[in-house]
Amino acid sequence: MKSLRLHRLGLALLGAALATGVAAGFVPGTGGGVSLGAAGVLPRTTGGTPVVEVTSLGASRIETASQEAGDWYLDITRPGAPVRIAIPDFQLAPREVPASETGGEGVEAGSAPADPGDASSVAEEAAGAASVASTVLWDDIEYAGVYRMLPKRFYRIAESGSPEGVLDYYQWESIGADILIRGTLRIEGELLVAEVRMHAVRAQENVFGRRYTAARGAARTLAHRIADDILQHAGNYQGVARTRIAFSTSRSGPRSKEIYLMDYDGYGQRPVTANGSLNLTPSWSPDGRALSYISYREGAPALYLAFLYQGRGEKLVGDFQSFTPAWSPDGRWIAFTSNRDGQAEIYLAAVDGSELRRLTDNRAIDVAPTWSPNGRTIAFTSDRTGAPQIYTMDRDGLNLRRVSFEGSYNDSPAWSPSRQHSEIAYASRIERRPFDIVVHDFETRQTRQLTTGRGSNESPSWAPNGLHIAFTSNRAGNDQVFTMHRDGSNLKQLTREGSNTTPRWGTPPGNPQ
């Protein structure tokens with residue numbers, strides 16, 4: 001059998017382990033005394049996300065300057081005209097004390113605090129939360145790249161000349177705002193409470209109003225939820241602010257790799273596994289509640305599942321070497337590579353490990369499966385014609401087709417989940433240069449190159465909305481995780497500690513596909 005190289009996943013330390021099936025020298029550990037489940041998965045807190053409650057607001061209590069409304073409404077989908085959005089910082093709102101606490105009608109807190117020291121501490125915490133929420137909301141909307149952000153230095157012009165609490169649409173229109181987002185934030189007991197309204201400036205309408213509550217300390221999560229709601233309501237745009245990226249990292253030691261999670265913007269990096277072995281190539285379930293991955297914790301590489309919100313894990317397939325799992329869009333199947341029949345082939349198994357079936361059958365190495373959005377087709381890497389290339393087949397293994405013809409070495413395909421664009425991203429070696437990320441468009445049959453000039457760029461993974469790509473690059477020295485827009489713009493580095501590879505972008509629980 002050929003030595004299975006896992007085509008360009010940057011895992012040189014596997015070496016002979018991949019050929020023999022024995023991860024010599026790697027002893028399953030406990031990650032520094034952490035209590036683990038059967039599959040070396042950290043407790044439920046690893047995958048948990050603070051809950052944000054959302055309710056609709058009634059008519060705005062903010063007054064608007066007397067004016068006649070225009071006879072047209074803001075069309076944020078109009079082609080060729082950038083939509084300009086203004087997002088002032090969150091303003092602090094006083095805590096509303098219910099009548100039950102005052103013995104009469106409700107009043108605003110802070111007028112006569114029982115403990116001035118405590119009130120001062122809460123006010124300071126609220127100011128900090130408002131600052132965090134303001135920064136995160138701005139960054140989330142800016143990252144989407146669908147609006148032109150109006151600089152905050154212009155806001156004083158729009159706010160000058162109007163009485164306090166009065167919203168003058170004409171003033172905001174004068175600085176070029178199409179959309180205005182205004183929000184307040186306060187602390188109520190153990191909760192953060194934010195009220196957000198979105199205004200269509202030229203239409204002179206309050207078109208969106210919601211109240212958000214989350215635990216104190218969850219200002220980032222609160223802002224992420226607000227950002228996704230604004231993008232959905234304003235432009236039917238599926239945001240990624242609440243998505244997470246799973247990846248494999250060596251930061252816990254040079255002879256181990258653990259699976260970690262982080263927010264889409266690189267914040268909140270935390271471990272999923274902690275078993276001191278090799279844990280590789282994570283793949284998300286479509287509901288965002290579980291990961292499949294490969295682990296050497298019992299010797300040979302086996303396929304495991306980690307259920308993030310239950311704090312448990314289990315081995316799915318382990319009789320033979322297994323590699324590069326990929327979850328089907330309907331959540332029922334996992335495609336993966338195995339050498340159980342003597343060579344590296346693509347297999348399919350139900351998520352409970354049953355109904356195992358082989359999809360490919362040849363003497364080549366077939367690896368790295370990825371599913372089409374409708375679940376009917378699987379793309380994968382194969383060296384059946386010599387150098388590795390990208391192929392597709394039906395989910396039953398029939399109707400084989402070659403996709404890549406440019407580049408001397410193509411690997412790690414990732415099928416875009418977009419319903420608008422039928423595309424596959426993959427790593428390609430072009431004219432003996434380091435690897436770059438390219439995208440093949442099935443409709444036009446054209447391939448476009450997204451990265452160029454710096455380092456080797458590999459292992460692409462699409463955001464759930466199909467508009468951004470995470471990938472591994474050594475342009476900063478060692479392997480790190482980066483993201484970019486689908487056109488290659490807006491490059492951002494997310495990781496810096498250790499070597500970080502094979503990012504996989506997942507859907508947040510409860511998010512529509």
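**A few notes on the sheet around β33 and some other spots**

1. Let's start with the sheet: 4 strands make an open sheet, ordered β31-β32-β33-β34, and the pairing is antiparallel. At the edges sit β31 (457–462) and β34, each of which pairs on one side only. In general, strands of a sheet pair through backbone hydrogen bonds, either parallel or antiparallel. Keep in mind as you read on that this is a predicted model.

2. Now look at β32 and β33. Strand β32 (residues 468–473) runs antiparallel to β33, and 6 bridges join them. If you want a place to begin tracing the register, take H468, whose bridge partner in β33 is H485. The two strands form a hairpin with 6 residues between them. In that turn, G477 has a positive phi of about 125°.

3. On to the other neighbour of β33. Strand β34 (residues 492–493) pairs with β33 over 2 bridges, in the antiparallel sense. Here F482 stands opposite Q493 in β34. This is a hairpin too, with 6 residues between β33 and β34, and the turn holds G488, which has a positive phi of about 90°.

4. How many of the residues of β33 are buried? The strand covers residues 480–485, and 6 of its 6 residues are buried. Both faces are covered: Q480, F482 and M484 lie buried on one side, while V481, T483 and H485 are buried on the other.

5. F482 deserves a point of its own. Its relative accessibility is 3%, so F482 counts as buried. The charged end of R475 sits over the F482 ring, 5.7 Å from the ring's centre. You can find a similar kind of arrangement elsewhere: the charged end of R312 sits over the ring of F307, 4.0 Å from its centre.

6. A word on aromatic pairs, of which the structure holds 9. One of them is F336 with Y347, a stacked pair with 6.2 Å centre to centre and 25° between the planes. F336 belongs to strand β20 (residues 333–338) and Y347 to strand β21 (residues 345–350), so the pair links parts of the chain 11 residues apart. Both F336 and Y347 are buried.7. F471 and F482 form another stacked pair, at 5.9 Å centre to centre and 25° between the planes. F471 lies in strand β32 and F482 in strand β33, so this pair ties together parts that are 11 residues apart in sequence. F471 counts as buried because its relative accessibility is 0%.

8. Next, a loop residue. T243 is placed in the loop between α6 (219–235) and β12 (244–249). Is T243 buried or exposed? At 1% relative accessibility, T243 counts as buried. Its side chain reaches the backbone oxygen of V240 at 2.6 Å. Leaving aside residues up to four places away in sequence, T243 touches M262, D263, Y264, P464, W505, G506 and P508.

9. The largest nonpolar core has 61 residues. Those touching the most other members are F90, L137, I141, W172, L185, L222 and I226. Which helix gives the most to this core? That is α3 (residues 116–144), with 10 residues. As background, nonpolar side chains tend to be buried together in soluble globular proteins.

10. To see one of those core residues up close, try L222. Not counting residues up to four places away in sequence, L222 touches V52, L185, L192, A194, Y212, T213 and A214.

11. Last stop: R186, in strand β9 (residues 179–188). With a relative accessible area of 8%, R186 is buried. Its side chain joins that of E188 through a polar contact of 2.7 Å. R186 and F90 are 96 residues apart in sequence, and their C-alpha atoms are 9.7 Å apart in space.

Note on methods
Residues numbered from 1 in each chain as written. Predicted model: local features only at pLDDT ≥ 70, side-chain atom pairs only at ≥ 80, totals over all residues. Heavy atoms only, no water. Buried < 20%, exposed > 50% of the residue type's maximum accessible area, 1.4 Å probe, protein only. Pairing = 2+ DSSP bridges. Polar contact = N/O pair within 3.5 Å; in protein donor to acceptor, adjacent residues only side chain to side chain. Contact = heavy atoms within 4.5 Å. Phe/Tyr/Trp six-rings, centres within 6.5 Å; stacked < 30°, edge-to-face > 60°. Lys NZ or Arg CZ within 6 Å of the ring centre and 35° of its normal. Core = buried A, V, L, I, M, F, W, Y, C linked by side-chain atoms within 4.5 Å.
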